[in-house]
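Work through the exercises below with the sequence and the model open. Try each task before you read its solution.

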Amino acid sequence: AVLALQEKEEALREALEKEKKKKKESLKTGTLSPADKRPAALVRKYGELYAQNRLSTLDSLDRLTELNEHDDLKSKLLFSVIVLSFRSVAATVDTKREQVRRILQLPPTSASSPSSTEPAARELEGALTAYLRRATETFDLSKNVEEVCTQIWATLYDYPSLKSCDGLIAYIKECVRTAWGLTNQMPAYCIEYETRSFRPDLHVRFHSSDTKKEAIETYLWPSLTEGPEGACVQKGVVIARAGRAW
């Protein structure tokens, strides 16, 4: 067991060293790998999840007789999937980072003063971030997909046909994969769905909303921001109503 742990640690060190070398080479040449250019494509994919994948999944759900006359439930279900995907992925990333820190005995990162962290530790953290980002298309996310599915099935246990809806499962996989890519950017992209008053910089109104209404009744799709306090790169879709916000 000790030998296996040592071998795992050595393999991890080698992988991180390779990432460090790639980073230095890219800085020297002034060029970026295709994976490093991914943010814009991921943001675009996030928009497509709503505009395309979500609509095709709604078509799949429309074919389930159990969900007849439950249009509101369908919309809430597809919104929940993207939220649960980001939560699951964020938890996995935090766990992976903590495992690496523990194996390599890295000092804890100081959120208040990152510059005070040992330079070698910062380099390893940077290499790990680069690795997770570049593994967007290959990282095994089956456990995250399973976790999201389990939460959906448990919440909507009255609708067992959801478990055999291929369109829904494919949608969940796309949401998880996209959430992984966005979460592993620097800074990590975040979703926002807590604001209860319409903001033109964060939201667009669903076509059935009245343009004079300001209080948000429900979200059909979360806003996407560059970091928790960063600029909005993809506006959320909301239904607003007259009166006070929640």
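**Exercise 1. Place P187 and describe the peptide bond before it.**

Step 1. This is a predicted model. In it, P187 is found in the loop between α6 and β1. Strand β1 covers 189-192.

Step 2. Look at the bond that joins M186 and P187. It is a cis peptide bond. Its omega is about -5°.

**Exercise 2. Check the length of helix α6, then list its buried residues.**

Step 1. Helix α6 runs over residues 166-183, which is 18 residues.

Step 2. Apply 1.5 Å a residue; the expected span counts one less than the number of residues. For α6 this gives 26 Å.

Step 3. Compare with the model. The end C-alpha atoms of α6 are 26 Å apart, so the expected span and the model agree.

Step 4. Now turn to burial. The cut-off is under 20% relative accessible area. In α6, L168, Y171, I172, C175, V176, T178, A179, W180, G181, L182 and T183 are buried.

**Exercise 3. Find what is unusual about the backbone of E69, and say where this residue sits.**

Step 1. Read phi. E69 has a positive value of about 65°, although E69 is not a glycine.

Step 2. Locate the residue. E69 lies in the loop between α2 (38-62) and α3 (71-104).

Step 3. Is E69 buried or exposed? Its relative accessible area is 79%. Exposed means over 50%, so E69 is exposed.

**Exercise 4. Examine three of the salt bridges and the accessibility of their partners.**

Step 1. How many salt bridges does the structure hold? There are nine.

Step 2. Take E98 and R101. Their side chains meet in a salt bridge at 3.6 Å, N to O. Both residues are in helix α3, three residues apart, so about one helical turn separates them. E98 is partly exposed, at 40% relative accessible area.

Step 3. Take D201 and R199. Their side chains form a salt bridge at 2.7 Å, N to O. D201 has 41% relative accessibility and counts as partly exposed. R199, at 36%, is also partly exposed.

Step 4. Take E214 and R205. The closest N and O atoms of this salt bridge are 3.3 Å apart. E214 is partly exposed, with a relative accessible area of 40%. R205 is partly exposed too, at 22%.

Step 5. Which residues do salt bridges with shared partners join into one network? They are R97, E98, R101 and E125.

Terms used:
Residues are numbered from 1 along each chain as its sequence is written. This is a predicted model: local features need pLDDT of at least 70, side-chain atom pairs count only at pLDDT 80 or more; totals for chains, interfaces and linings use all residues. Side-chain values use heavy atoms; hydrogens and water are left out. Helices (H or I, at least four residues) and strands (E, at least two) are DSSP runs, numbered from the N terminus. Buried means under 20% relative accessible area, exposed over 50%, partly exposed in between (1.4 Å probe, protein chains only). A salt bridge is a side-chain nitrogen of Lys or Arg within 4 Å of a carboxyl oxygen of Asp or Glu.
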